[in-house]
Amino acid sequence: DRDGILARWRDLLKQGLSLIVFPEGTRSPDGRVARFKAGSFLLAIEAGLPVVPISIDGTRFVMPKGQLTTSPGAATLAVHEPIVTTDGSWHPTIEDARRLGSRVHDVIERQVEAWERAAGTWPSS
C-alpha cells in the first residue's frame, strides 16, 4: 500500500538513511536503459525527497540477464546532481512522476550511452 511505503520512506530519512530504487525493474540485456516505472518517482515527490540519478555500466557482463551467477568484471558508476522535488516544479500527480522519471532517465541514459560508445559496446540497431 502506497501510504505504508511512503511512511516507511519517511522513517528511513528520519534515521539518516538513503533509499536506492531501480526504476527499470530489470537488468538490460544490451546496455540500453529501459523505460522507468513512475511509482518510485511519485513517492519521492509525495515525500519531498531529492532524487539522485546514478548511472551504472558494465554489470550486464558481470551478471547477465536471465542468470543467477556472477562472473568477474568491472562496473562503472557515476553519481549525478540531485533533483530537488520540493522546489514547486513537481506535484504528486502521475504526470509529474512520469516527467521526473523521464528527466532522471535522460541523465542516466546519456551517461551510459557515452560509456558504451567509448567502449565500442553500444548496440548498433
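1. Start with D30. At 25% relative accessibility, D30 counts as partly exposed. The aspartate shares a salt bridge with R32, at 2.9 Å from N to O. R32 is partly exposed as well, with a relative accessible area of 30%. Bear in mind throughout that this is a predicted model.

2. The overall layout comes next. The chain has 125 residues. It holds 4 helices and 2 strands. Read from the N terminus, their order is α-α-β-α-β-α. The C-alpha trace spans about 40 × 30 × 25 Å along its principal axes. Residues that count as buried make up 33% of the chain.

3. How do the contacts spread along the sequence? Take the contacts with a separation of 6 or more: 68% of them join residues 24 or more positions apart.

4. Now the surface as a whole. The accessible surface of the chain comes to about 8000 Å². Carbon and sulfur atoms hold 55% of that area. As for charge, the chain carries 15 positive and 15 negative charges. The mean positions of these two sets lie 3 Å apart.

5. Look at helix α2, residues 39-47. Is this helix enclosed or open? Of its 9 residues, 7 are buried, so α2 is largely enclosed by the rest of the structure. The buried ones are S40, F41, L42, L43, A44, I45 and A47. Their cover includes α1 (2-14) and α4 (94-119). Just after α2 comes G48, which takes a positive phi of about 70 degrees.

6. S40 deserves its own point. This serine sits in helix α2. Its relative accessible area is 15%, and the cut-off for buried is under 20%, so S40 counts as buried. Which residues does S40 touch, once neighbours within four places in sequence are left aside? The contacts are W9, V21 and P23. W9 falls within the range of α1, residues 2-14.

7. Return to charged pairs. Side chains of opposite charge can pair when their charged atoms come close. How many salt bridges are there in the model? The count comes to 4. The bridge between R32 and D30 is one of them. Two others follow in the next points.

8. E116 and R60 form a salt bridge, with their closest N and O atoms 2.7 Å apart. The pair links distant parts of the chain. E116 belongs to helix α4, while R60 belongs to helix α3, residues 59-62. In sequence, 56 residues separate them. Are the two partners buried or exposed? Both E116 and R60 are buried.

9. D96 and R99 also meet through their side chains in a salt bridge, at 3.2 Å from N to O. This pair sits inside one helix, α4. The two residues are 3 positions apart there, so about one helical turn separates them. Their exposure is worth checking one by one. D96 counts as buried, at 11% relative accessibility. R99 is partly exposed, at 40%.

10. Next, the nonpolar surface. Which residues form the nonpolar patch? The members are I20, F22, V52, I54, I56, L77 and V79. Together they offer about 680 Å² of accessible area. Both strands take part: β1 (54-57) and β2 (76-79) each supply at least two residues of the patch.

11. L77 is one of the patch members. This leucine lies in strand β2. Its relative accessibility is 53%, and exposed means over 50%, so L77 counts as exposed.

12. Finish at the start of the chain. D1 is found in the segment before α1. At 73% relative accessibility, D1 counts as exposed. How far is D1 from F61, 60 residues along the chain? Their C-alpha atoms are separated by 35 Å. F61 falls within the range of helix α3, residues 59-62.

Technical notes:
Residues are numbered from 1 along each chain as its sequence is written. This is a predicted model: local features need pLDDT of at least 70, side-chain atom pairs count only at pLDDT 80 or more; totals for chains, interfaces and linings use all residues. Side-chain values use heavy atoms; hydrogens and water are left out. Patches are made of residues with over 30% relative accessible area and no salt bridge: like charges are joined within 9 Å, nonpolar side chains (Val, Leu, Ile, Met, Phe, Trp, Tyr) within 5 Å. Accessible areas come from the Shrake-Rupley method with a 1.4 Å probe; for residues, only the protein chains shown count as cover. Buried means under 20% relative accessible area, exposed over 50%, partly exposed in between (1.4 Å probe, protein chains only). Contact means heavy atoms within 4.5 Å. Lys and Arg count as positive and Asp and Glu as negative; His and the chain ends are not counted. The place of a charge is taken as NZ of Lys, CZ of Arg, CG of Asp or CD of Glu.
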